[in-house]
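Me: I am new to this structure. Could you take me through it in short steps?

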Amino acid sequence: MAKNTKSKQKNRRLITAALPYINNVPHLGHIVGSHLPGDIFARYSRARGYETLYIGGTDENGSTSEIAAFKLNVPVEKFSDKLYKEHKKIYDWFEISYDNFSRTSKSIHHETVKEFFEVINKKGFIEKNKMKVFYSPTENMFLPDRYVVGECPKCGYPDASGDQCEKCTSVLDPSQLKNPKSTISGGKLEIRETEHLFLKLDSLSPKLKKWIQSNKYFREQVRSLAMGWINEGLKPRCITRDLKHGVKVPLKEFEKKVFYVWFDAPIGYVSSTKEITKEWEKFWKDEKSEVYNFLGKDNIPFHTIFWPGMVIAHGEFNLPKNVIGLQYLNYEGQKFSKSKGIGVFCERLPELKLEADIWRHYLTQVIPETSDSEFRWKDFQERVNSDLIGNYANFVNRVLNFIYTKLNGKITKPSAKDLQDIDKKLLKKIEEKRKSIEDLMEKAELRKAYSEILELSSEGNKYINDSEPWNVIKEDPKRANNIFYTSSFLLKNLAILFAPYLPKTSEKVWKQLNLEGSPCNPGAWEEAEKDFGKEHTINKPELLFKKIEDKEIEEYKKITSRGTDLNDLFK
RNA sequence: AGCGGGGUAGAGCAGCCUGGAGUGCUCGUCGGGCCCAUAACCCGGAGGUCGUGUGGUUCAAAUCCCACCCCCGCUACCA
């Protein structure tokens, strides 16, 4: 008990999921690679009594959305509005519990970025420098290197990209390309020299290094990737772009430029916090607040080097306590690809009539925590039918059903002397498991924690098998009651432990158990230690899930492999 | 080519960081139990020289180090 109060007053948590670009509709890889793990951790944190905010939003600035809109021939604003809605709809469907899901196109964000910039500029961490950039007269805009191809100066290959020729593999500088052209329009490009602003990452390097090395929460991959950057030597990083769309740079000679999207996007975490609470500074600047970032592996350098560098330069914000870099999810041995129809595209999921919790259950088990993982339909079906239904849902049902039909829906608290060894052993197991699950959760080891919970559920099935209440009840109804009082206690614990992963299911179990409140409420974790009192009546049990049949899988596969064509969205 | 990940029972994985008898999970398979539960649940068996080196370190290696082989991903709008 003392432990709980301690953790309660200890900290508050600000949890973020990387802001998705909105140049496309998200697929399962996006869900499993940041939003879902962030959500589980956020839900857990709330349940443990931490004052928690889970923050997200769409990243709408930069060339990506500008070019996507250009290709569709719609105004950027219209494009962004539509895609924001598509994103939001999907995250809501998955029960992602964002406290705020904002947009970097909002004015509050633009203001926040400018303020942030002004502070680090005043502190001397910004410098000016000239840069050569491709300009496309056809599109009337400057183009990032990745939209540029040209003739390789070494082998003459006509479609060499700016950094490397894929034919002869020689490493190139974009300015070496002959006849550079735009990959969007095919139009010819010019090189123009313009002045840009740079963040002096080099001077921040010692502090970054110290922070990375001293952070004991980072997973090995995150640390080694970050240290790789440090060891290579950090260079000043350009933070401005010649684009129309984005946050305008608040300096006289730079009025026509915007901030590079990677400068403004992480500040989106701050502006999104600001948008929902006046007390936002408490979450960002108070030493009792912890920041956790969930993101895909491509984002690791930005969250371990670039953004922390900005934070150090600014001087007032907390550095992340943990940066949880997730690897990628593949699909049946292949890469997700919308154009090839390979993958599961989220906007189709509501059509399948499978609850979000079914997906959350499976996706949790394939969160790419340590290495790339695999979505397989057969695996999906198997994990749902055996773990979720055969193990957990079956335990729920056999307990509640027995109480409802054989004990008149009532359980009575056994006196301590009536507890047998087998009961005590189970109670002890619950206690132990809860502790080890807490430890894993604190380290954001979500997969491991989940399999511990499933194991505890399996213990429940074992307990019932071993104590044979269906026989016992004939001779000793009181003993049968005791068995089910204990089983129900486990059930209640399971509902709480599962709640961050399977929120709707836990609520259903809670209701069937006829308990007050919700296992998803802040602080719900503490309920786990309370029993049902002297006497308790449960509600009529109902089945939680239906097993997935082979032929359903075939159908689902077909439906979900069709991603939305952006052209159709704007017809 | 560079960078990253991986090679553990018929399949898919965990274990490796922090060395301690091949331990575990899901499925399949064989046998048994049970009949409260969604043909669910429980118990037991068979099945592995932990990619290769008759390499190194160690009392002890799946785990640490070295060399080699093989797979996959990224480097190209898409976490």
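What follows is a set of questions and replies on cores, sheets, helices and the RNA surface.

Me: What kind of model is this, and which pLDDT do local features need?
Reply: Residues are numbered from 1 along each chain as its sequence is written, chains are lettered from A and ligands numbered from 1 in the order in which they are written, and side-chain values use heavy atoms, with hydrogens and water left out. This is a predicted model, where totals for chains, interfaces and linings use all residues, side-chain atom pairs count only at pLDDT 80 or more, and local features need pLDDT of at least 70.

Me: Which element gives the most to the largest nonpolar core?
Reply: A nonpolar core is a set of buried Ala, Val, Leu, Ile, Met, Phe, Trp, Tyr and Cys residues joined through side-chain atoms within 4.5 Å. Buried means under 20% relative accessible area, exposed over 50%, and partly exposed in between (1.4 Å probe, protein chains only). The largest core has 109 residues, and those with the most contacts inside it include Leu28, Trp359 and Phe380. With 13 residues, the top contributor to this core is H12.

Me: How many residues does the second, separate core have?
Reply: Ile230, Ile239, Ile267 and Ile300 are among its members. The size of this second core is 53 residues.

Me: Which tryptophan does Trp359 touch at position 93 or 377?
Reply: Contact means heavy atoms within 4.5 Å. Residues up to four places away in sequence are not counted. Among the residues that Trp359 touches are Leu28, Phe94, Phe375 and Phe380, and also Trp93 and Trp377.

Me: Which strands stand at the edges of the open sheet of four strands?
Reply: Helices (H or I, at least four residues) and strands (E, at least two) are DSSP runs, numbered from the N terminus. Two strands pair if DSSP finds at least two bridges between them. The sheet has the order E5-E4-E9-E10, with antiparallel pairing. Two strands have a single partner each, so one side of each is left without a neighbour in the sheet: E5 (141-143) and E10 (237-238).

Me: How many bridges pair E4 with E9?
Reply: E4 covers residues 126-136 and pairs with E9 in the antiparallel sense. One of the bridges joins Asn129 to His196 in E9. The number of bridges between E4 and E9 is ten.

Me: What is the bridge partner of Leu199 in E10?
Reply: E9 (residues 190-199) and E10 pair in the antiparallel sense over two bridges. Phe198 is bridged to Cys238. For Leu199, the partner is Arg237.

Me: Is the crossover from E1 to E2 right-handed or left-handed?
Reply: E1 (residues 12-17) and E2 run parallel, joined by five bridges. The path between them goes through H2 as a β-α-β crossover. A crossover is right-handed if, with the strands pointing away from the viewer, the path from the first strand over the helix to the second runs clockwise. This one is right-handed.

Me: How many residues of E2 are buried?
Reply: E2 spans residues 51-58 and is mostly covered. Four bridges also join E2 to E3 (residues 100-103), in parallel. Of the eight residues of E2, the buried ones number seven.

Me: Which helices do the buried residues of H17 pack against?
Reply: H17 covers residues 503-512, and its buried residues include Pro503, Val509 and Trp510. They pack against H2 (28-47), H11 (356-365), H12 (377-406) and H16 (477-498).

Me: Is Ser467 buried or exposed?
Reply: Ser467 is in H14 (residues 446-467). Its side chain reaches the backbone oxygen of Tyr463 at 2.6 Å. That is a polar contact: a pair of N or O atoms within 3.5 Å; within protein, one must be able to donate a hydrogen and the other to accept it, and residues adjacent in sequence count only if both atoms are side-chain atoms. With a relative accessible area of 10%, Ser467 is buried.

Me: Which element gives the largest share of the surface near RNA strand B?
Reply: A residue is near a strand if one of its heavy atoms lies within 4 Å of it. Of the 39 residues around RNA strand B, those that come nearest include His30 and Arg398. A side-chain N or O atom of Asn394 is 2.8 Å from a sugar or linking oxygen of the RNA. The largest share, 13 residues, comes from H12.
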